[in-house]
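Welcome to a short tour of a protein model. Please take a moment to look it over, and then we will walk through some of its parts together.

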Amino acid sequence: MDNAVPIDSPPGRTPAASAPLIGTRSTPPAGTPRPEHFGGHPMVGTFFYDGRPLGGKSTYCTGSVVHTAAHDIVLTAGHCGRGLQRATHRIFVPQYRDGRSAANQPRGVFPVSQMYIDPRYAANTKKPTSDLDLAFAQVGPNSRGKVEDVTGALTFTPTTKYTHKVTVLGYPSSEGVNAKHQAIRCPVTTSRLPGYRQVRMACTGFYGGVSGGPWIEDYDRTTGTGKVVGNTGGYNGGGNDANDDWVTYAPIYGKDAKALFNEAAAHRTVAARPPYQPSTDRPLLPGSAGWQHTGLLASGDFRHAGHSDMIVVWTDGEVTLHSGNGQGGFDPDRHLWPPTAPGHTREPSRPATSPDPNSPT
């Protein structure tokens, strides 16, 4: 199927992980790793659909084959799946090679026949349902057989933790940032995206097109195998409000993700769901009694680090910044402005953590 075109984002949306090209909006912290461009792995690839030849100037979302008894399921992001649902002709190309025809791709191409997406998911939002930004594509066989028999597979792995040592893979779409349309990979340690059932990582070079890419624990660099515990996506389509290329998010797989996986693996129609119950774990203010003399509170990602920070204006005029620690709490405060009025004292702030009673199981 040479007549294919990269899937486009929903009109008017340019989320960090699915826009065609997003420049760096802020400088990454010192020591932020850079990804490695490499030849890819058989079970990870990209999608095309409708009307233009494979091998054009851009790819789109990333997908990875996950093990099922049916041997025909590919994991990607929910917002990628929404585009695939609207497509007429749609293919998955494992270990994509730029400049080669469909017949000369390393593992051939596989037609997408069905998409499985949680019906509560709305593409590229900042709402709690961004936790549900994953989808499964059922693909038909090619002349070599079923996709998993041809490529091998990752292991879909639900988790109750937010801290993982993973390697994140993806295909940046634009030739402006990925001239040879190669896969990239970056080994990182994840942390919690406060208030969501999602994790974050910092690594430069994760431009549009990496959406849906697997976050692999126990990754084998030679074979590409391992346990996939997340995929690029989630809040804002997988990136922070500034759309920085070095801040990337992923939903982690709890009960909702496992239910969707089971339906895809069995080729069942996706069932109706009750209203989504978001995480009750919102960042806690550090300390308790020490916050009684606050005047104004403002939250936001003030450092462009992917964490929710807090700026506090105290009743004595002092202004402090409390930097989010990525685990639902805050690091020790930084004084931005000295007190201007006497008479109030407060306890020093301390980092706080917020266990999520609804953490994925």
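Helices and strands here are DSSP runs, numbered from the N terminus. The model is a predicted one.

**A glutamine in a loop**

With those names in hand, we can place Gln-95, which sits in the loop connecting E6 and E7. Is Gln-95 buried or exposed? Buried means under 20% relative accessible area. Gln-95 has a relative accessibility of 7%, so this residue counts as buried. Its side chain comes to 3.3 Å from the backbone oxygen of Gly-39. Leaving aside residues up to four places away in sequence, Gln-95 also touches a number of others, including Gly-40, His-41, Pro-42, Arg-107 and Tyr-171.

**The nonpolar cores**

In soluble globular proteins, nonpolar side chains tend to be buried together. In this model, the largest nonpolar core has 50 residues. Phe-47, Val-66, Leu-134, Phe-136, Val-139 and Phe-156 are the residues with the most contacts inside that core. Two or more residues each come from strand E3 (44-53), E4, E5, helix H1 (78-86), strand E6 (90-94), E7, E8 and H3. Which element gives the largest share? That is E7, with five residues.

Phe-136 is a good place to zoom in. Not counting residues up to four places away in sequence, Phe-136 touches Val-66, Ile-73, Tyr-116 and Phe-156, among others. Its contacts also include Ala-257, Leu-260, Phe-261 and Ala-264. A second core, separate from that one, has 15 residues, among them Val-168, Ile-184, Phe-206 and Trp-215.

**Helix H3 and its buried face**

Four of the names just met lead us on to a helix. H3 spans residues 255-265, and Ala-257, Leu-260, Phe-261, Glu-263 and Ala-264 are buried in it. Why do these buried residues line one face of the helix? Viewed along the axis of H3, they fall within an arc of 160°, so they line one face. As a general point, an α-helix has 3.6 residues a turn, so residues three or four places apart point the same way. The buried residues of H3 pack against five strands: E4 (62-66), E5 (73-76), E7 (110-117), E8 (135-139) and E9 (155-156). After H3 comes His-267, with a positive phi near 60°.

**Two disulfides**

A disulfide is a covalent bond between the sulfur atoms of two cysteines. How many disulfides does a search of the whole structure find? The search finds two, and with the bonded cysteines numbered in sequence order the pairing is 1-2, 3-4. Here are their sulfur distances and their torsions about the S-S bond.

| Pair | S-S distance | Torsion | Handedness |
|---|---|---|---|
| Cys-61 and Cys-80 | 2.0 Å | -85° | left-handed |
| Cys-186 and Cys-203 | 2.1 Å | about 100° | right-handed |

Cys-61 is in the loop between E3 and E4, while Cys-80 belongs to helix H1, so this disulfide ties together parts that are 19 residues apart in sequence. Both Cys-61 and Cys-80 are buried. In the other pair, Cys-186 lies in strand E11 (residues 183-189) and Cys-203 in the loop between strand E13 (198-202) and strand E14 (214-217), 17 residues apart. Cys-186 and Cys-203 are buried as well.

**Sheets and strand pairs**

Strands of a sheet pair through backbone hydrogen bonds, either parallel or antiparallel. One open sheet in this model is made of six strands with mixed pairing, in the order E2-E11-E10-E14-E15-E9. Its edge strands are E2 (36-38) and E9, each of which pairs on one side only. Inside that order, E14 and strand E15 (residues 227-231) are antiparallel, with four bridges. In this pairing, Ile-216 has Val-228 of E15 as its bridge partner.

Our last stop is E19 (residues 319-322). Its residues point two ways: Val-319 and Leu-321 to one side, Thr-320 and His-322 to the other, and all are buried. What does E19 pair with? Strand E18 (residues 309-314) pairs with E19 in the antiparallel sense over four bridges, and strand E20 (residues 334-337) runs antiparallel to E19, joined by three bridges. Leu-321 takes part in both pairings: this residue is the bridge partner of Ile-311, and its own partner in E20 is Arg-334.

Terms used: Residues are numbered from 1 along each chain as its sequence is written. This is a predicted model: local features need pLDDT of at least 70, side-chain atom pairs count only at pLDDT 80 or more; totals for chains, interfaces and linings use all residues. Side-chain values use heavy atoms; hydrogens and water are left out. Buried means under 20% relative accessible area, exposed over 50%, partly exposed in between (1.4 Å probe, protein chains only). Two strands pair if DSSP finds at least two bridges between them. The arc is that of the directions from the helix axis to the C-beta atoms. Contact means heavy atoms within 4.5 Å. A nonpolar core is a set of buried Ala, Val, Leu, Ile, Met, Phe, Trp, Tyr and Cys residues joined through side-chain atoms within 4.5 Å. A polar contact is a pair of N or O atoms within 3.5 Å; within protein, one must be able to donate a hydrogen and the other to accept it, and residues adjacent in sequence count only if both atoms are side-chain atoms. A disulfide is a pair of cysteine sulfur atoms within 2.5 Å.
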